[in-house]
Amino acid sequence: MKNNILSGFLSWSLICPYNDRLSPEENNISLAELTHDVRKDGYLKFEAHWLKGTEPSIERFLIINNLSLKEALRLGEKY
C-alpha cells in the first residue's frame, strides 16, 4: 500500500473556516484563528481553487489530526 498524506493521522477532521458572506480578509482571519485553536493537534493546510460561474474562487481549509467528534462539531459551529 502506498503511503498517503494522512498515513500518520489515526483519525482526522476537515474544517473550512471560509464563508461566502465574509471578505477575503475576514476569511483569512478565521483561518488564522482556527489554525491557532488546533496548533496542538497537528494539521495539514490545503487550498482549493475552482470557478464560481466565471469568477475564480479560492478556499483554504485544515485537515486536523485526532479531534474528538465533540471538538470537531464545536469548531465546525465556530467557523
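Which residues make up the largest nonpolar core? They are Ile-15, Tyr-18, Leu-31, Leu-34, Val-38, Leu-62, Ile-64, Leu-67, Ala-72, Leu-75 and Tyr-79, eleven residues in all. This is a predicted model: local features need pLDDT of at least 70, side-chain atom pairs count only at pLDDT 80 or more, and totals for chains, interfaces and linings use all residues. Residues are numbered from 1 along each chain as its sequence is written, and side-chain values use heavy atoms, with hydrogens and water left out.

**Core**

- A nonpolar core is a set of buried Ala, Val, Leu, Ile, Met, Phe, Trp, Tyr and Cys residues joined through side-chain atoms within 4.5 Å.
- Buried means under 20% relative accessible area, exposed over 50%, and partly exposed in between (1.4 Å probe, protein chains only).
- In the largest core, α1, β3 and α2 each supply at least two residues.
- Leu-62 belongs to this core. Beyond its neighbours within four places in sequence, Leu-62 is in contact (heavy atoms within 4.5 Å) with ten residues' worth of partners listed here in part, including Ile-15, Leu-31, Leu-34 and Val-38.

**Helix α1**

- Helices (H or I, at least four residues) and strands (E, at least two) are DSSP runs, numbered from the N terminus.
- α1 (24-37) has 14 residues and reaches 20 Å from its first C-alpha to its last. That is close to the expected 20 Å, taken as 1.5 Å times one less than the number of residues.
- Asn-27, Ser-30, Leu-31, Leu-34 and Thr-35 are buried in α1.
- Down the axis of α1, the buried residues fall within an arc of 135°, so they line one face of the helix. The arc is that of the directions from the helix axis to the C-beta atoms.
- An α-helix has 3.6 residues a turn, so residues three or four places apart point the same way.
- The buried residues of α1 pack against β1, β2 (43-52), β3 (55-65) and α2 (69-78).

**Strands**

- Two strands pair if DSSP finds at least two bridges between them.
- β1 and β3 are antiparallel partners over four bridges. Ser-13 has Ile-64 of β3 as its bridge partner.
- β2 and β3 are antiparallel partners over ten bridges. Glu-47 has Arg-60 of β3 as its bridge partner.
- Two residues lie between the strands in the β2 and β3 hairpin, where Gly-53 takes a positive phi near 70°.
- Side chains alternate along β1. Ser-13 and Ile-15 point to one face and are buried, while Trp-12 and Leu-14 point to the other and are not.

**Aromatic pair**

- The whole structure holds one aromatic pair. Rings of Phe, Tyr and Trp (its six-membered ring) pair if their centres lie within 6.5 Å; planes under 30 degrees apart count as stacked, over 60 as edge-to-face and the rest as tilted.
- Phe-46 and Phe-61 have ring centres 5.5 Å apart and planes at 10°, so the pair is stacked.
- Phe-46 is in β2 and Phe-61 in β3, so the pair ties together parts 15 residues apart in sequence.
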